[in-house]
Amino acid sequence: MQNLSRRFSTLQIPKLSTSPPQPIKPLFQYSDIQHCRKILEHRIITVLDVCTTLTQAKQVHAHIIANGLSQYSYVITKLIRTLTKLAVPMGTYPELVFRGVTRPNPFLWAAMIRGCVIEGQVSEAVRFYGLMRRECTGPVSFTFSSLFKGCGSVGDVSLGWQVHAQTVVIGGFAADLYVGNTMIDMYLKCGELGCGRKVFDEMPERDVVSWTELIAAYAKSGDMGSARELFKDLSLKDMVAWTAMVTGYAQNLMPREALDCFERMRGAGVGIDEVTLLGVVSACAQLGSIRYANWVRGIAEESGFNPAENVLVVGSALIDMYAKCGSLDDACNIFRGMKQRNVFSYSSMIWGFAVHGNANAAIELFHEMLTTDVRPNCVTFIGVLTACSHAGMVDQGRQLFATMEKYYNVTPSAEHYTCMVDLLGRAGRLEEALELAETMPIVAHGGVWGALLGACRVHKNPGIAQIAASHLFELEPKNIGNYVMLSNIYASAGKWGDVSSVRKLMREKGLKKNPAYSWVETKNGGVEKFSAGDTHTDYEDIKKALEDLLNRLKDHGYRPNLNSVDYDVGDEEKMRILMAHSEKLALAYALLNAGSGSTIKIIKNIRICEDCHAFMCGASQVTGRHIIVRDNMRFHHFENGKCNCGNFW
């Protein structure tokens, strides 16, 4: 076959133009390409926002690569944040994605640092920061905010100081509000309130977050004075700031101040949420006032937090509140009216029965709960064991304790062992209680030894009391209650030399006895507070009413228990001291002012003494009143000359 010469062609050769060549017009303008890329980026980021699995994220990553966007830090940053949200370990796939970017921008570095912090790998976050600086890439505010969050999460203030120094050395972040707020938060989480306050004072601009962080921190530390001053200076007070004050007062056992603050909050037209309500409910529970309890319950229902409408957290708190206010009926009504109940609502009701001495009802409700889908937790068992302890049901308590881990997978904690030591101690089995405290598989904390010390007071055993107290003095050297308890035990045993030694130790440590006080709700809903030595406006009337009541009680066989006075003084002086006890003054006031035949409710900040307990028993008989006393241990219901505790408290 003959080959055709390359010089020949069957195609007609066009004539060449003699005019100058025209520029070739591109298929797309550069601006059009940029616009298309932006649209594609937007679509990819939108899809990443709704990714719920790693497989979906990988599919989007494939589209990123296929469309030539694998070097665009903006898109890759969003991919890294999505992988973080999906809890993909940062050292695996996310780091491979990151390493594929030749020149990551500061936001992509920040995304990696943030992911490591969220994962709890703070050291890895610091490593990435070091790599970023060696690459001569500057940080952004998100970089430092993530690092500060990491330092706070692990409580590493030393690392926090170093990161703080970086913000100063690099500069440009002094006026960054977001960095300042996270820096304050870091110092507060590390327990450096002073450093947090200094950062706050030096910030050129602050927002409500800055103020609220410090207010809450001061409240947590117990410094409500500083919290109040900050709150006063805050110009725009939002719901979070108001709530921080309400809950702060409640947490620091200042219920009246909490309720006053809440009323001012409502007066300012600020809305409330679940957290606000829980703080107010706690304050009402501390105060023990039914009037305030009913008031708060009404507000909860008006605000959409009706416990009957599946608001389980508020419902459980209201159950606890009414129980602490002495109204088990109201607590039961809320519990039975709840459409749904969880372990917290059951536990609150069980605990309510327990502290009111109704052990059978507590145990019955516990077994009722077991017939439902609700499983008991550690709090449930504290309630039911407390019920057994207050009723002296040793065998029942032991059986329940044995079932905790075996049947319900609840490992006994120090609190549960406290209940068991209390159970044995109250029943007079002090040697068994001591053995349990010394041999329990976890370290016994102050609650365990405190329960044993309290039992030694009831059963007048100074020997074991000394052992318990020696542990308490090491664990809680500043808790004056332990020293006072030991002193009282020695006084009851007539060991006045030992009493003097304990009091000398208290003086050397600079400890002062907390004053005992009681308060009673008046018929108009107010609260009257009493303490020994205080001068009340109605003091003369109260004194006369108390003397009249004392004479009536003596006619019925009452004899003052002078051993309840832990001072080495004469009998006449002991009698004077006993008659000045705050709960007796509160009772006399209530008899003068409460409606005829109404129930009298008294709340006391410490344990009721044996003499006052006997006095209340007699008073309930001669006056025909139902007298309820809430001390720091339980509720005592006095009726017809008897207490439902059976002298077992």
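**Exercise 1. A pair within one helix**

Take D548 and K544, and work out where the two residues lie and how their side chains meet.

*Solution.* Start with the location: both D548 and K544 belong to helix α29, which covers residues 539-555. They sit 4 residues apart, about one turn of the helix. Bear in mind that we're working on a predicted model here. Next, look at the side chains: D548 and K544 meet in a salt bridge, with 3.3 Å from N to O. Last, check the surface: D548 has 38% relative accessibility, so it counts as partly exposed.

**Exercise 2. Another helical pair, and a network**

Find the partner of R99 in a salt bridge, then say which of the two is buried and which is partly exposed.

*Solution.* First, the partner: R99 pairs with E95, and their closest N and O atoms are 3.1 Å apart. Second, the spacing: the two residues are 4 apart in helix α4 (residues 93-99), which means that about one helical turn separates them. Third, the accessibility: R99 has a relative accessible area of 45% and is partly exposed. E95 comes out at 15%, so this residue counts as buried, the limit for buried being under 20%.

Now a follow-up: which residues are joined into one network by salt bridges that share partners?

*Solution.* The network is made up of E95, R99, E124 and R127.

**Exercise 3. A bridge between two helices**

Find the helices that hold E432 and R398, and explain what the pair ties together.

*Solution.* Here's the general idea to begin with: side chains of opposite charge can pair when their charged atoms come close. Then go to the distance: the closest N and O atoms of E432 and R398 are 2.4 Å apart, and the two residues form a salt bridge. E432 lies in helix α24 (residues 430-439) and R398 in helix α22 (residues 394-408), so this bridge ties together parts that are 34 residues apart in sequence. On accessibility, E432 is partly exposed at 31%, and R398 is partly exposed at 34%.

How many salt bridges turn up in a search of the whole structure?

*Solution.* The search finds 17.

**Exercise 4. Two packed helices**

Decide whether α23 and α25 are roughly parallel or roughly antiparallel to each other.

*Solution.* Two numbers describe a packed pair of helices: the angle between their axes and the distance between the axes. For helix α23 (residues 414-426) and helix α25 (residues 446-459), the angle is about 10° and the axes are 8 Å apart. Angles under 35 degrees count as roughly parallel, and α23 and α25 are therefore roughly parallel. To see who does the touching, pick out A414, Y417, T418, V421, D422, G425 and R426 on α23. On the α25 side, the contact is made by G447, V448, A451, L452, A455 and H459.

**Exercise 5. Positive phi without glycine**

Look up L253 and N640, and say in which loops they lie and whether they are buried or exposed.

*Solution.* A reminder first: most residues other than glycine have a negative phi. L253 isn't a glycine, yet its phi is positive, about 55°. L253 is placed in the loop between α13 (239-251) and α14 (255-267). With 65% relative accessibility, L253 counts as exposed. Now N640: its phi is positive too, about 50°, and again this isn't a glycine. The loop that holds N640 runs between β5 (635-639) and β6 (642-643). N640 has 64% relative accessibility and counts as exposed.

**Exercise 6. A residue in α14**

Place A258, decide whether it is buried or exposed, and list what it contacts beyond its sequence neighbours.

*Solution.* A258 sits in helix α14. Its relative accessibility is 1%, so A258 counts as buried. Set aside the neighbours within four places in sequence, and A258 is in contact with V246, Y249, A250 and A283. For a C-alpha distance, try T247: it is 11 residues from A258 in sequence and 7.1 Å from it in space.

**Exercise 7. A patch and a loop**

Which residues make a nonpolar surface patch of about 300 Å²?

*Solution.* F107, F142 and Y178 make it. Of these, F142 is found in helix α7 (residues 141-154) and is partly exposed at 42% relative accessibility.

Move on to G155, and find where this residue lies and how far its C-alpha is from that of K189.

*Solution.* G155 lies in the loop between α7 and α8 (157-170). Its relative accessible area is 42%, so G155 is partly exposed. G155 and K189 are 34 residues apart along the chain, and 6.4 Å separates their C-alpha atoms.

Note on methods. Residues numbered from 1 in each chain as written. Predicted model: local features only at pLDDT ≥ 70, side-chain atom pairs only at ≥ 80, totals over all residues. Heavy atoms only, no water. Patch = residues over 30% accessible without salt bridge, like charges linked within 9 Å, V, L, I, M, F, W, Y side chains within 5 Å. Areas by Shrake-Rupley, 256 points an atom, 1.4 Å probe, with all protein chains shown as cover. Salt bridge = Lys/Arg side-chain N within 4 Å of Asp/Glu carboxyl O. Buried < 20%, exposed > 50% of the residue type's maximum accessible area, 1.4 Å probe, protein only. Axes fitted to C-alpha atoms, helices over the stretch in contact; angles between N-to-C directions. Parallel < 35°, antiparallel > 145°, perpendicular 65-115°, else oblique. Contact = heavy atoms within 4.5 Å.
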